[in-house]
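Student: I would like to check the labels used for this model against their cut-offs. Please show how each one is reached.

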Amino acid sequence: MGTAGWVCPGWEMGQAVIELPVPLSPWSVAWWCWVFWRSFSPALQDPSQACINALFLCVSLFRLKDLEVAELRDSDVHVKMLAAPINPADINMIQGTYAILSPLPAVGGNEGVGEVLEVGRRVTALKPGDWVIPAGAGVGTWRTQGVFPEEMLLKVPSDIPVLCAATLSVNPCTAYRMLADFETLAPGDSVIQNAANSGVGQAVIQIAKASGIKTINVVRDRPDLPKLVERLMALGADHVITEEMLRKPEMKDIFKSIPKPRLALNCVGGKSTTEMLRHLQGRTGLTRGHGSLSPQSTFIFRDVRLRGFWMTQWKKDHAQDQESLTNMMDALCQLIRRGQLTAPACTEVPLQDYKAALEATMKPFTSSKQILLF
């Protein structure tokens with residue numbers, strides 16, 4: 001049986017593949033060298049043009065390809081994919097800049113939801129009709145169908161919206177763990193985060209709201225700022241401000257109604273991080289990724305601690321602790337059922353329009369996650 005997907009040289013999507021033709025002919029090598037040179041040399045004169053060329057480079061690497069579905073072995077599960085998002089980490093993997101790089105050729109996509117069609121005779125935890133998501137990274141979800149070992153899949157309830165299930169394993173889990181693992185937060189406490197319009201940021205707002213925790217949400221200024229503020233407030237944000245606002249005396253007015261934050265969540269770095277640090281309570285935490293380490297006085301005199309967090313590493317560290325994973329998934333699914341946690345703002349894209357989805361993902365000020373439908 002054949003399936004369809006999309007691919008980039010070296011990558012596969014589907015039972016579709018993103019695939020790098022090897023060996024390359026001398027003419028191919030010369031052509032790719034020219035493309036890379038054309039993509040990045042304009043940066044000295046026009047950075048925006050360099051960005052456009054780099055975007056063209058990434059998108060042009062993909063192609064849609066039909067593959068044969070692998071034979072179903074005793075411990076395998078045959079899955080029909082329903083929906084899969086395009087996350088920034090997926091683009092980073094394709095660019096070769098992510099901490100996990102799949103051997104090429106490889107199927108793209110780390111997240112998504114599928115329906116079980118058939119199981120091998122030794123599979124006991126899954127049955128046809130069940131919904132499943134990847135248990136870890138690098139599974140390759142940009143495909144119409146696939147055959148996977150049972151241990152690579154995690155069952156999720158089929159009574160939640162498909163878009164919530166498709167986007168469950170990365171952003172909501174990250175938000176949940178960051179709110180739970182670094183500071184002891186109680187109802188009435190507050191947190192501050194930048195990139196609040198990201199998938200993680202939207203999940204933080206909703207999970208915090210359900211727990212009675214206040215959120216101060218920092219976003220970049222943009223042409224449609226009022227519309228973005230309205231959307232985040234509708235999710236449960238208490239305050240939405242721009243990075244410029246962080247540096248203004250008016251910030252004091254916010255802390256007349258809510259306490260200073262006990263936790264800051266950073267995925268931007270630079271000035272944004274520095275300014276968030278200034279508003280933290282003493283003996284608190286700054287977490288999530290690549291934050292700035294200045295000003296030093298904040299760390300020395302107020303005992304602010306900096307921690308990095310990566311959901312993939314958490315799953316590896318807790319591979320033998322299925323109870324923690326199950327409890328987290330159950331808690332998130334309960335929030336979804338109660339309407340307290342929704343999927344991030346999404347644009348649903350048919351598989352054949354993958355190029356438009358990739359281009360949209362890489363554009364600046366993107367607030368809508370591209371979801372491939374199969």
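Student: Leaving out residues up to four places away in sequence, which residues does Glu-71 touch?
Tutor: Glu-71 touches Asp-76 and Val-147, where contact means heavy atoms within 4.5 Å. This is a predicted model, in which local features need pLDDT of at least 70 and side-chain atom pairs count only at pLDDT 80 or more, while totals for chains, interfaces and linings use all residues. Residues are numbered from 1 along each chain as its sequence is written, and side-chain values use heavy atoms, with hydrogens and water left out.

Student: How far apart are Glu-71 and Val-147 in sequence and in space?
Tutor: They are 76 residues apart in sequence, and C-alpha to C-alpha the distance is 7.5 Å. Glu-71 is in the loop between strand S4 (63-68) and S5; helices (H or I, at least four residues) and strands (E, at least two) are DSSP runs, numbered from the N terminus.

Student: Why is Glu-71 called exposed?
Tutor: Its relative accessible area is 68%. Buried means under 20%, exposed over 50%, and partly exposed in between (1.4 Å probe, protein chains only). The value for Glu-71 is above the upper limit, so the label is exposed.

Student: How many bridges join strand S5 to S9, and in which direction do the strands run?
Tutor: Five bridges join S5 (residues 76-85) to S9, and the strands run antiparallel. DSSP must find at least two bridges for strands to pair, so five are enough. One of the partners is Phe-148 in S9, bridged to Val-77.

Student: What makes S9 mostly covered?
Tutor: S9 spans residues 145-149, and four of its five residues are buried.

Student: Which members of the largest nonpolar core touch the most other members?
Tutor: Val-113, Leu-168 and Leu-179 do, in a core of 41 residues. Helix H13 (residues 322-337) gives the most to this core, with seven residues. A nonpolar core is a set of buried Ala, Val, Leu, Ile, Met, Phe, Trp, Tyr and Cys residues joined through side-chain atoms within 4.5 Å. Another core, of 14 residues, lies apart from it and includes Ile-216 and Leu-246.

Student: Which residues does Val-113 touch, beyond those up to four places away in sequence?
Tutor: Among them are Met-81, Leu-82, Trp-131, Ile-133 and Val-162.

Student: How many disulfides does the structure hold?
Tutor: The number is zero. A disulfide is a pair of cysteine sulfur atoms within 2.5 Å. For Cys-164, the closest cysteine sulfur is in Cys-346 at 8.3 Å, so the distance is too great for a bond. Cys-173 is in no disulfide either, with the nearest cysteine sulfur, that of Cys-333, 8.9 Å away.

Student: Why do Cys-164 and Cys-173 count as buried?
Tutor: The relative accessibility is 8% for Cys-164 and 0% for Cys-173, so each value falls on the buried side of the limit.

Student: What makes Tyr-98 and Trp-310 an edge-to-face pair?
Tutor: The centres are 5.9 Å apart and the planes are at 80°. Rings of Phe, Tyr and Trp (its six-membered ring) pair if their centres lie within 6.5 Å; planes under 30 degrees apart are stacked, over 60 edge-to-face, and the rest tilted. The distance and the angle meet these limits, so the name follows.

Student: Which parts does this pair tie together?
Tutor: Tyr-98 lies in the loop between helix H3 (88-95) and strand S6 (106-107), and Trp-310 in the loop between strand S16 (305-307) and helix H12 (311-317), so the pair ties together parts 212 residues apart in sequence. Tyr-98 at 22% and Trp-310 at 28% are partly exposed.

Student: How many aromatic pairs does a search of the whole structure find?
Tutor: Two. Phe-182 and Phe-309 also form an edge-to-face pair, at 6.0 Å centre to centre and 85° between the planes. Phe-182 and Phe-309 are 127 residues apart, and each is buried.

Student: How do you know that the charged end of Lys-260 sits over the ring of Phe-255?
Tutor: The charged end is 5.7 Å from the ring centre. The rule asks for NZ of Lys or CZ of Arg within 6 Å of the centre and within 35 degrees of the ring normal, so the distance part is met by that value.
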